[in-house]
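Q: Could you take a close look at one part of this structure with me? I would like a connected account of a single residue and its surroundings.

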Amino acid sequence: MHVLAGDIGGTKTILQLAEAATPRGLESNVYDSHAYTSLELMVRDFIGSLDINEKSIGLPVLRLQDPYANNAPALPICPGRLMPAS
């Protein structure tokens, strides 16, 4: 099982695929956030560039920077809940 992790920013987005059992990154890429019309398209490009079965990826964990928060912590987007980043 793999985990899709992402740090979503206003200028760049970092996506990484990691093993779920061990927090070891396997593949990562940096994207220009303005070059995509949606996060979904960016994630599809990333997954399409990997040599893995798409079904081996579990739920994503995404960290979203709030451009209006004046240096407040980002919020990771987790399935079913939002919590401050530690």
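What follows is a look at one residue, T13, and the setting around it.

A: Happy to! Please keep in mind that this is a predicted model. Let us begin with the frame: the chain has one helix and six strands, arranged along the sequence as β-β-β-α-β-β-β. Of its 86 residues, 24% count as buried.

T13 sits in strand β2. With a relative accessible area of 1%, T13 falls under the 20% limit and therefore counts as buried. Its side chain makes a polar contact of 2.8 Å with the side chain of S33. Setting aside neighbours within four places in sequence, T13 is in contact with D7, I8, N29, V30, Y31, S33 and M42.

M42 is a good residue to follow next. Not counting residues up to four places away in sequence, M42 touches T13, L15, Y31, D32, S33 and Y36. S33 thus appears in the contacts of T13 and again in those of M42.

From here the path leads into the largest nonpolar core, a set of 12 residues that includes I8, L15, Y31 and M42. Strands β1 (2-8) and β2 (12-19) and helix α1 (39-48) each supply at least two residues of this core, and α1 gives the largest share, four residues. As a general background, nonpolar side chains in soluble globular proteins tend to be buried together.

To put the pieces together, T13 is a buried residue of β2 that pairs with S33 through a polar side-chain contact and touches the core residues I8, Y31 and M42.

Conventions:
Residues are numbered from 1 along each chain as its sequence is written. This is a predicted model: local features need pLDDT of at least 70, side-chain atom pairs count only at pLDDT 80 or more; totals for chains, interfaces and linings use all residues. Side-chain values use heavy atoms; hydrogens and water are left out. Buried means under 20% relative accessible area, exposed over 50%, partly exposed in between (1.4 Å probe, protein chains only). A nonpolar core is a set of buried Ala, Val, Leu, Ile, Met, Phe, Trp, Tyr and Cys residues joined through side-chain atoms within 4.5 Å. Contact means heavy atoms within 4.5 Å. A polar contact is a pair of N or O atoms within 3.5 Å; within protein, one must be able to donate a hydrogen and the other to accept it, and residues adjacent in sequence count only if both atoms are side-chain atoms.
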